[in-house]
Each structure stands twice: as C-alpha cells, then as structure tokens.
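Visitor: Could you take me through this model step by step, and tell me for each term how we know that it applies?
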Amino acid sequence: MNDQELQILVENISLESFAKPFIHRAYFNRRLKTTGGRYHVQSHNIDINPKMLSEHSKDVLIGVIKHELCHYHLHLAGYSGKHNTLAFKRLLKTVGGSRYAPAPVDNRPLVYICSHCGQTYRRKRKIDVKKYVCGKCRGKLELKTGDD
Ligand SMILES: [Zn+2]
Ligand SMILES: [Zn+2]
C-alpha cells in the first residue's frame, strides 16, 4: 500500500464510520517508532506507522486509522480530542477504533555467545541451548542480553 492508497482508505473509513469527510492528508511515516499513528493538531494531517500493515494486518491498520480519525474529527468539531476525555472514549467505542497501537515487533536478532570460545551467533528465533552447542568448539551457548 502506498500513500495514495492510504489516503483513499482513510477517506473511505471517515465517510463510512464517521459520516464526515477527511479533507486533509494521510501518509505513512517510517520514523514513527512507538506509536501506530499520529494526528497533527497544526496541519490536521495523519501519519501512520507502516509497520501496522507490514508487521500486523489490515484490521490493525484500520483500527489505528479510526483512532486517529477520532482525534481528527473531535478536534475539528472544537473538542480537545485528548485520550482521557469522555468525548474521545465514546467516539472511539462507537467506531470501534483501537485504544492502543500494537507494540512494534522487535526485529533485532538474538545474539548467542559461546561461553567457551566467545564465538557469537545471530539468530532470528530463540534456540534451545540445551540442544545446540557452539559449532566451533561445542561449548555451551548463552543468550547475550541487552544491546549488542
Ligand atoms: Zn491517540
Ligand atoms: Zn565455542
């Protein structure tokens, strides 16, 4: 999905779920890290984290779009549109938007280190260190914790 398709999706959801047009811009923003989307009070535009689609699903994306559209429509109607307001909670519930964006998946590989020779191994998935040993020296592998 590109920005153009996202724009059309947001416009459609706005009409279907809020019965009001979305007349600003929506785009994917790769720099969003911890949130699924962001509504900009100044420009009225909506940023969407592309990971909502690439790492989750279209349903998750739609839930996030509805959440941001709650901010959008409440703000344009003169409300603060903040999360803790009754107006926000009610509208979010009515349209079925997501309360929180799902946490982004951590893509960093796990690092295992041989306790004997120090050789490191990077793995996408967790490995059973009782079964797998160092390929060089057959030493015991340990999961390295923290940033590498
Ligand atoms: Zn929000
Ligand atoms: Zn080793």
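**Terms and their values**

Guide: Let us begin just after helix α3, where G78 takes a positive phi of about 95°; helices here are DSSP runs (H or I, at least four residues), as strands are (E, at least two), numbered from the N terminus. This is a predicted model, in which local features need pLDDT of at least 70 and side-chain atom pairs count only at pLDDT 80 or more, while totals for chains, interfaces and linings use all residues. Residues are numbered from 1 along each chain as its sequence is written, chains are lettered from A and ligands numbered from 1 in the order in which they are written, and side-chain values use heavy atoms, with hydrogens and water left out.

Visitor: What makes H67, H71 and H83 the residues that coordinate the zinc ion (ligand 1)?

Guide: Donors are N, O and S atoms within 2.8 Å of the metal (3.2 Å for Na, K and Ca), and since water is not among the atoms, sites may look incomplete. The NE2 atoms of H67, H71 and H83 coordinate the zinc ion at 2.0 to 2.1 Å, so they meet the definition of donors. Along the chain, these donors follow the spacing H-x3-H-x11-H. H71 lies in helix α3 (residues 58-76) and H83 in the loop between α3 and α4 (86-95), so this pair ties together parts that are 12 residues apart in sequence.

Visitor: Why is H71 called buried, and why is H83 called partly exposed?

Guide: Buried means under 20% relative accessible area, exposed over 50%, and partly exposed in between (1.4 Å probe, protein chains only). H71 has 13% relative accessibility, so H71 counts as buried, whereas H83, at 48%, counts as partly exposed.

Visitor: Which side chain makes a polar contact with the side chain of H71?

Guide: The partner is the side chain of H67, at 3.2 Å; a polar contact is a pair of N or O atoms within 3.5 Å, where within protein one must be able to donate a hydrogen and the other to accept it, and residues adjacent in sequence count only if both atoms are side-chain atoms.

Visitor: How many disulfides are counted by the rule?

Guide: A disulfide is a pair of cysteine sulfur atoms within 2.5 Å, and by this rule the count comes to zero. As for accessibility, C70 is buried because its relative accessible area is 0%, whereas C137, at 29%, counts as partly exposed.
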